[in-house]
Amino acid sequence: MPIIGIDLGTTNSLAAVWREGRAVLIPNAAGSCLTPSAVSIDEDGTVLVGQAARDRLVSCPDRSAASFKRWMGKSRQFHLADRTFTPEELSALVLRRLKEDAEAFLGEPVTEAVISVPAYFAEAQRAATKRAGALAGLRVERLINEPSAAALASRLGHEEDETLLVFDFGGGTLDISIVECFDNVISVIAVSGDDRLGGDDFDLAIAQGFCRENGLDWESVDKSAQAILLRQAEQCKRGLSQAAAVHMSVAGEHLSGSMTLTAPKLLELCAGPFSRLRAPVSRAVGDCGLPLSEISAVVPVGGSCRMPLVRQYLTELLHRPLRDSAGTDTAVALGAAIYAAIKERREELREVVLTDICPFTLGTNIIDWAAPNGRELLSPIISRNSVLPSSKQRRYVTTADGQAKMIFRIYQGEQLYAGDNTLLGQLELPIPRAPKGREGADVRFTYDINGLLEVEATVISTGERHQLLIGRPGGMDEREAQRRLRELSALKLHPRDQEENRALTARIERLFAECAPDLRPFIQQAASRFTAALESQESWKIVRERKEVSAFLDQIDTDPLDRFRDM
Ligand code: AMP
């Protein structure tokens, strides 16, 4: 069974698979490789995913959602019609659609995927992505950082050793990675980014600028009018990637106005988002410890890299050529499929090794004796940019006489004070009572490429060991996961092939009525096979049966006697 690679994007999602020695994109039912990451519930309760859902963002904003990837792993809820969804449940619906498209394309079940995530995604967001996969019926043992995937795809055809800067700028996030490619080993050596900066911010700045120019107040414009303005702004922004000027105009009862968008105007309106591009780039270059001259090329990835102003900005800032041979939109999905093939140990890729780094610091709390207010500090154990898998140990001693336990809170983040970072878990270790500083524990963090963090604390004097695992794919409570899985499965998904299935059933019925009586048992047999496939709800079975039954019916329609004489 093939493992597919999935680029689960903020705006669009894509799937790809390794076939005949190369990564190929998987088309969806509409024949496009880009499936909008949008979900909508229509008036009869059917869940729409993809372009149809995106189209409804304007007409039915209260029943539709998009850009939910921005909220992965956070406590935000989305209300669609009378239902409530978490961002991972909405992502699961998109993943389920991609899985079905892949099954239809490959003609066999697909149960495993490698999913790409922004390198900057923290532990909770990674765990949420894996849960989304599980909810969609996909085993997700490996995640791949999006820039690593892009580098992997951009490397094909380049044998030389080199260092690449991957600038991944999508709808909702900016990820920068410095990737070293040496002797077929691809290693991310520094990452940085901004998980709140993307093309959507440009759309918002343009829409707000439009309101200012036309005497409208963005805040008091209602939700559906805001959606119209954002959509228009996005279209104009795209248009400006091909033309010198674009006219934005809206004419409604309560909302009307116009504005001409040019490159200088875009620069003026979007000064805010533009100014936020520089810091993550310099942080990544600074962190990797290499001079800029060592970077051979910049790989622009993500829809926002289509903006000429962004490309111009990159060239002026870094003085390096742009390499987009794998496509700004498709590089990540193709790279994820290559990584899936590496996981499958495909012969052609046996030589390629991908290493990754930890995009954030992992540590525990220690007492700051100098602080009068007793705030705890973060004691880093695995530092940001450590090569994964990483296993590091530090020793901690008791801070009070007769202390009976040590409490290790596990944090992720770069802040000085422990409490300002994200709390991942807590481990309590009973300790023999002794004067302060005489007892203690060795704390080991082991973090792997799949986002699994193992914390082990061992009492120095007795060797007693306690362990905590953080970031297991099934992160949420097992019963809760099962319950949500059942609820999601019960949702009436819009059958991608409904029309084709209805057409085939109608054809079976027509031929049954028209044909000679001795052919009827054969048609009945075909009809029951097809019904069984429909009832299984397995899209790959439906597609296979539909193909076979159609071929069989074609023969009856043309030359029925010949067909059955052979049987
Ligand atoms: P992604 O998340 O990589 O699919 O990127 C989506 C973002 O890219 C959205 O903000 C789009 O508006 C933006 N985008 C896509 N195509 C273009 C284009 N031709 N010009 C400017 N922005 C674009």
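**Exercise 1. The shell around the ligand**

By class, how many nonpolar, polar and charged residues does the shell around the ligand have?

*Solution.* Before counting, some ground rules. This is a predicted model, where local features need pLDDT of at least 70 and side-chain atom pairs count only at pLDDT 80 or more, while totals for chains, interfaces and linings use all residues. Residues are numbered from 1 along each chain as its sequence is written, and side-chain values use heavy atoms, with hydrogens and water left out.

Step 1: find the shell. A residue is near the ligand if one of its heavy atoms lies within 4 Å of it. That gives 15 residues around the ligand, and the closest are Gly171, Glu234, Lys237, Ser241 and Gly303.

Step 2: sort them. Ala, Val, Leu, Ile, Met, Phe, Trp, Tyr, Cys and Pro count as nonpolar, Asp, Glu, Lys and Arg as charged, and the others, Gly among them, as polar. The tally comes out at 1 nonpolar, 9 polar and 5 charged residues.

**Exercise 2. Holding and covering the ligand**

Work out which polar atoms meet the ligand, then place the ligand in the fold.

*Solution.* Step 1: look for polar contacts, meaning pairs of N or O atoms within 3.5 Å (within protein, one must be able to donate a hydrogen and the other to accept it, and residues adjacent in sequence count only if both atoms are side-chain atoms). A polar backbone atom of glycine 171 sits 3.0 Å from a ligand oxygen. For arginine 238, a side-chain N or O atom is 3.5 Å from a nitrogen of the ligand. Serine 304 has a polar backbone atom 3.2 Å from an oxygen of the ligand.

Step 2: check the cover. On its own the ligand has 500 Å² of accessible area, and the protein covers 91% of that. These areas come from the Shrake-Rupley method with a 1.4 Å probe; for residues, only the protein chains shown count as cover.

Step 3: name the elements. Helices (H or I, at least four residues) and strands (E, at least two) are DSSP runs, numbered from the N terminus. Helix H5 (199-213) and helix H6 (223-239) are the elements giving two or more residues to the shell. H6 gives the most, with 3 residues.

Step 4: add the domains, whose bounds come from an automatic or database domain assignment. Domain 1 (4-197 + 276-351) and domain 2 (199-274) both give residues to the shell, so the ligand lies between them.

**Exercise 3. Two positive phi values**

Where do glutamate 20 and alanine 81 lie, and is each one buried, partly exposed or exposed?

*Solution.* Step 1: know the background. Most residues other than glycine have a negative phi.

Step 2: take glutamate 20. Its phi is near 45 degrees, a positive value, and it lies in the loop between strand S2 (12-19) and strand S3 (22-25). With a relative accessible area of 79%, glutamate 20 is exposed. The cut-offs: buried means under 20% relative accessible area, exposed over 50%, partly exposed in between (1.4 Å probe, protein chains only).

Step 3: take alanine 81. Here phi is near 50 degrees, again positive, in the loop between strand S8 (78-80) and strand S9 (83-85). Alanine 81 is partly exposed, at 32%.

**Exercise 4. A buried threonine**

Describe the surroundings of threonine 129.

*Solution.* Step 1: threonine 129 belongs to helix H3 (residues 123-135). Step 2: threonine 129 is buried, with a relative accessible area of 1%. Step 3: leaving aside neighbours within four places in sequence, its contacts (heavy atoms within 4.5 Å) are Leu8, Met72, Ile115, Val117, Phe121 and Leu143.
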